[in-house]
Amino acid sequence: MRITTQMLNESARKAGLPLDNHTLLDYINAGTSAPSVLDDEKSILETTKNAVYGKEYRRLWQAAESLDTQAKKLSAGGEENIFAKAKDGDTSGICREAEKLAESYNSVLDALSKSPDGLNSFYLKSLKGLADQNKSELESVGITLEKNGRLSVDKDKLAAADMETLKKVFGEESSFAPGVSFISSRVADNARAEAESISSLYGSNGMQKGAGAYGKYDLWG
């Protein structure tokens with residue numbers, strides 16, 4: 001259907017918009033005010049970006065919480081001390097938790113590497129720095145720090161490590177596991193706050209809450 005200036009003015013009158021006596025050609029030539037394909041594309045891109053950011057922050061939140069949990073299992077003291085609970089020097093349970101810690105660490109590292117958040121860049125650098133500071137200790141139990149900052153596990157060497165060595169690397173008096181717990185808890189807090197902020201403003205689908213998403217299309221009748 002061909003849109004005329006008269007139809008435009010009538011639609012504006014119905015919508016309660018002020019008439020400015022401009023012709024339809026004026027809007028087309030000016031490239032403003034009237035809805036355009038470019039406006040639609042910008043809206044779609046913004047919606048997509050918010051939806052993606054929301055999902056990424058939720059993913060980071062979950063990964064960081066998992067890492068914090070694993071680090072706490074290894075570095076906990078008192079009755080929850082995993083080394084004190086190990087029976088007859090059996091380190092199999094400790095080794096399993098150490099493997100899970102490395103997996104969770106890598107997941108958080110990957111998520112942080114993809115984040116555009118400046119604070120997450122700081123957390124990424126902090127995690128890598130912590131691992132680098134403990135590089136020799138980690139290698140003593142079969143955990144190698146790769147060039148990209150990820151951790152790789154030699155399961156046989158880890159299983160062969162004695163209790164005292166494992167405790168030195170991961171226990172409550174070590175610097176690695178407690179440090180990982182400290183950083184990952186901050187990562188989780190920040191990611192949760194960002195995810196909830198995006199959700200409160202845009203919803204889980206990325207659309208802005210309270211906005212008339214289809215309002216501009218009502219201009220035509």
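Where is the place of Asp88? In this predicted model, Asp88 belongs to the loop between H4 and H5. The backbone of Asp88 has a phi near 55°, a positive value in a residue other than glycine. With a relative accessibility of 83%, Asp88 counts as exposed. From this loop it is convenient to step back to the whole chain, and then to work inwards.

The chain is built from 10 helices and 2 strands. Read from the N terminus, the order of the elements is α-α-α-α-α-α-α-β-β-α-α-α. Buried residues make up 35% of the 221 residues. Among the contacts with a separation of 6 or more, 66% join residues 24 or more positions apart.

A word on confidence is useful before the details. The mean pLDDT of the chain is 79, and 67% of the residues reach 70 or more. Two stretches call for care. Over residues 39-48 the pLDDT stays under 50, and the model has 9 contacts beyond four places in sequence for them. Residues 209-221 also have a pLDDT that stays under 50, here with 20 contacts beyond four places in sequence. Where pLDDT is low, the predicted coordinates should not be read in detail.

The largest nonpolar core has 43 residues, of which Leu166, Phe170 and Phe176 touch the most other members. Two or more residues of this core come from each of helix H3 (37-75), helix H4 (82-85), helix H5 (92-114), helix H6 (118-133), strand S1 (143-145), helix H9 (163-170) and helix H10 (176-202). The biggest share is that of H5, which gives 10 residues. In soluble globular proteins, nonpolar side chains tend to be buried together.

Helix H9 gives a clear view of how one element faces inwards and outwards. Met163, Leu166, Val169 and Phe170 are the buried residues named for H9. These four lie on the same side of H9, because they cover an arc of only 130° around the axis. On the face turned away from the buried side, H9 carries the exposed residues Glu164 and Lys168. The N-terminal end of H9 is capped by Asp162, with a side-chain oxygen 3.1 Å from the backbone nitrogen of Glu164.

Phe170 deserves a closer look. Leaving aside residues up to four places away in sequence, Phe170 touches Leu74, Ser75, Phe83, Ala98, Leu101, Leu138, Val141, Ile143, Phe176 and Ala177. One of these partners, Ser75, lies in helix H3. Ser75 is itself buried, with a relative accessible area of 14%. A polar atom of the Ser75 side chain lies 2.8 Å from the backbone oxygen of Ala71. Beyond four places in sequence, Ser75 touches Phe170, Gly171, Glu172, Ala177 and Pro178.

Aromatic rings add another kind of link, and the structure holds 2 aromatic pairs. Tyr105 and Phe176 form a tilted pair, with 6.4 Å from centre to centre and 45° between the planes. Tyr105 lies in helix H5 and Phe176 in helix H10, so this pair ties together parts that are 71 residues apart in sequence. Both partners are out of reach of the surface by the usual count: Tyr105 is buried, with a relative accessible area of 1%, and Phe176 counts as buried at 2% relative accessibility. The other pair, Phe122 with Tyr123, is tilted as well, at 5.8 Å centre to centre and 55° between the planes. Tyr123 is buried, with a relative accessible area of 11%.Helix H3 also holds Gln62. Which is Gln62, buried or exposed? At 57% relative accessibility, Gln62 counts as exposed. The C-alpha atoms of Gln62 and Ser107 are separated by 10.0 Å, and the two residues are 45 residues apart along the chain.

How values were computed: Residues numbered from 1 in each chain as written. Predicted model: local features only at pLDDT ≥ 70, side-chain atom pairs only at ≥ 80, totals over all residues. Heavy atoms only, no water. Core = buried A, V, L, I, M, F, W, Y, C linked by side-chain atoms within 4.5 Å. Buried < 20%, exposed > 50% of the residue type's maximum accessible area, 1.4 Å probe, protein only. Contact = heavy atoms within 4.5 Å. Arc of directions from axis to C-beta. Polar contact = N/O pair within 3.5 Å; in protein donor to acceptor, adjacent residues only side chain to side chain. pLDDT = per-residue confidence, 0-100. Phe/Tyr/Trp six-rings, centres within 6.5 Å; stacked < 30°, edge-to-face > 60°.
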